[in-house]
Amino acid sequence: MRFLRQSLTVAAKDLRSELRSKEALNASLAFALVILLLFSFAFDPTAETTREISGGLLWLVFAFAGTLILNRSFARELANDCLEALVASPIPASALFLGKALANLVLLVAVELVSLPVFGVFYNVRWTPHFLPLLGVLVLATWGVAVIGTMFSALTVNLRLRELMLPVLVYPMIIPALMAAMQLTTVLLAGEPVAGDNWLWVRLLVAFDLIFTALALALVETVLLG
Amino acid sequence: MATLAAENLWKYYGDLPALREVSFSVSGGVCLALLGRNGAGKTTLLKLLAGLAQPAKGRVTILGRSPRDAAARARLGVLGHGIAVYDELSAIENLTLFGRLYGLAAPRRAALEWLERTGLGHVRDSLVREFSRGMRQRLALARALLHNPDVLLLDEPFTALDDRAIAVLQLLLRDALAAGRTIVMSTHQLREALELATHVALLVRGRLAHFGERSAEMLADPGWLYRRYGEA
């Protein structure tokens, strides 16, 4: 219980800081909308092939825009050496990590939820009929991205080229989660329910989240302190 | 039992030894002024004492525990080179945040009390990014003292402070000493530090060249110790 309270304290601090500065949120949102707009010029929104790749398109945009938020996760602690004060405090590194991952999840889902209606308009896709299952896929896949992104944000925080290194490290790691999310999103945007073989992708997402969350919680102290 | 003990500490940056065979211990009510020229290893030593870095050899104990132990960290207050408070949060939000992280029963009440003690009560709801350097440093000190730590580690606490801020800082540190707390502070401000210190340590190129009680000569002539060890 105490662990969860400490994590929520860190998450609330990160969200409050970000909502005041809006540095990462504005950049990520603007990037997502611009990419959606540019892609809409490249594809014919009425074509059947566009519908077939809509899930993939959407998740590529989320992945690109998401790294802007993930990059700031630990980088915001560098100003005034705040990371030292957090690490010197009695909270476990895993609680610090979980708090940051939760804050990232909220910010990433917020960007995704704003981008979704824009995507629907630009690509002539009806996303509302299966909104709840779609929200479930968004949260499951985004948690996987947030966990891996937060971990690598901690790992690269002291690198000069961290803005470049983070995507290079994160994208290969999140391929399984992205594949599952793309597949499930395409099914749901086509107006079909998640059924039959598609449950395999749901199970993959859940397993991915559980494995990488456990790994990150176990390793983060070593990452932060060496 | 010593409040704080360092045993045979070695630390390397690449092949370069930043600390060599550093050993000392201090008990409650001691204020240790950690002196040395730039690059002598003062900040590195404070980081090892705070558990923010691992020594290559040797060990640190705070009240008999490793500084990475949560119970030891709860009794440790650290003020590093940076002020370690958030610019986007207000003074009260910063202190309440750290009060929660240290598991205080009433973090907001403790935060308000320390804002008053550091003369920041009137700006408690202002964002830290609007503060002057002196106000930031006072808030940082309040953050380090908020949980009444038994051991205080301060890295250059007097740097860039005006007379008023130095007076507030000295008063708070004297109160902490009177309450039996242990203070280790690195500094280049010899006069201010020696007025407070009960003990003095001098690091020369990573080695502990001197460790002992502050003497009358040091107080009368702050540069005396440097000259004695050829560091003038």
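Helices and strands are named here from DSSP runs, a helix (H or I) having at least four residues and a strand (E) at least two, and they are numbered from the N terminus. The model on display is predicted.

**First stop: a loop in chain A**

Select Asp81(A), which is found in the loop between α4 (54-75) and α5 of chain A. Asp81(A) is not a glycine, yet its phi is positive, at about 60°. Most residues other than glycine have a negative phi. Is Asp81(A) buried or exposed? Asp81(A) counts as buried because 20 C-beta neighbours lie inside 10 Å, and the cut-off for a buried residue is 20 or more.

**Second stop: where chain A touches chain B**

Next, display both chains and look at the contact between them. Chain A contributes 21 residues to the contact and chain B contributes 25 residues. On the side of chain A that touches chain B, α1 (2-21) and α5 (82-88) of chain A each supply at least two residues. Which helix gives the largest share of that side? The helix to select is α1(A), with seven residues. Coloured by class, the side of chain A that touches chain B shows nine nonpolar, seven polar and five charged residues.

**Third stop: the six-stranded sheet of chain B**

Turn to chain B and select its strands β5, β6, β7, β3, β8 and β9, which in that order form an open sheet with mixed pairing. The edges are β5 (76-79) and β9 (207-213) of chain B, each of which pairs on one side only. From one strand to the next, the twist averages 15°.

Within this sheet, select strand β7 (residues 182-186) of chain B, where five of five residues are buried. Thr182(B), Val184(B) and Ser186(B) point one way from β7(B), while Ile183(B) and Met185(B) point the other way.

Now add the two partners of this strand in turn. Strand β3 (residues 31-35) of chain B runs parallel to β7(B) and is joined to it by four bridges. Along this pair, Leu32(B) stands opposite Val184(B), and Ala33(B) stands opposite Met185(B). Strand β6 (residues 151-155) of chain B also pairs with β7(B) in the parallel sense, over five bridges. Here Asp155(B) is the residue opposite Ser186(B). To follow the chain from β6(B) to β7(B), trace it through helix α6 (residues 163-178) of chain B; this β-α-β crossover is right-handed.

On the way, pause at Glu156(B), in the loop between β6 and α6 of chain B. Glu156(B) is another residue other than glycine with a positive phi, near 50°. Glu156(B) is partly exposed, because 19 other C-beta atoms lie within 10 Å, and a buried residue has 20 or more.

To finish this stop, select helix α5 (residues 133-145) of chain B. Helix α5(B) lies across β5 and β6 of chain B and runs at about 160° to β5(B).

**Fourth stop: the three-stranded sheet of chain B**

Select β2, β1 and β4 of chain B, which in that order make an open sheet with antiparallel pairing. At its edges stand β2 (16-26) and β4 (57-62) of chain B; each has a single partner strand, so one side of each is left without a neighbour in the sheet. The twist of this sheet averages 20° from one strand to the next.

Strand β1 (residues 4-13) of chain B is joined to β2(B) by seven antiparallel bridges. One pair to display is Tyr13(B) with its bridge partner in β2(B), Leu16(B). Then add helix α1 (residues 42-50) of chain B, which lies across β1, β2 and β4 of chain B at about 125° to β1(B).

**Last stop: the nonpolar core**

In soluble globular proteins, nonpolar side chains tend to be buried together. How many residues has the largest nonpolar core of this model? The core has 145 residues, and those with the most contacts inside it are Ala181(A), Leu32(B), Ala33(B), Leu49(B), Leu153(B) and Val184(B). Helix α6 (residues 93-123) of chain A provides the largest share of this core, 14 residues.

Finally, centre the view on Leu49(B). Not counting residues up to four places away in sequence, Leu49(B) touches Leu4(B), Ala6(B), Val60(B), Pro67(B), Leu153(B) and Val184(B). Val184(B) was visited earlier, as one of the residues of β7(B) that are buried.

Key
Residues numbered from 1 in each chain as written. Chains lettered and ligands numbered in written order. Predicted model: local features only at pLDDT ≥ 70, side-chain atom pairs only at ≥ 80, totals over all residues. Core = buried A, V, L, I, M, F, W, Y, C linked by C-beta atoms within 7 Å. Buried ≥ 20, exposed ≤ 12 C-beta atoms within 10 Å, placed from the backbone. Contact = placed C-beta atoms within 7 Å. Pairing = 2+ DSSP bridges. Right-handed = clockwise from strand over helix to strand, strands pointing away. Nonpolar A, V, L, I, M, F, W, Y, C, P; charged D, E, K, R; others polar. Axes fitted to C-alpha atoms, helices over the stretch in contact; angles between N-to-C directions.
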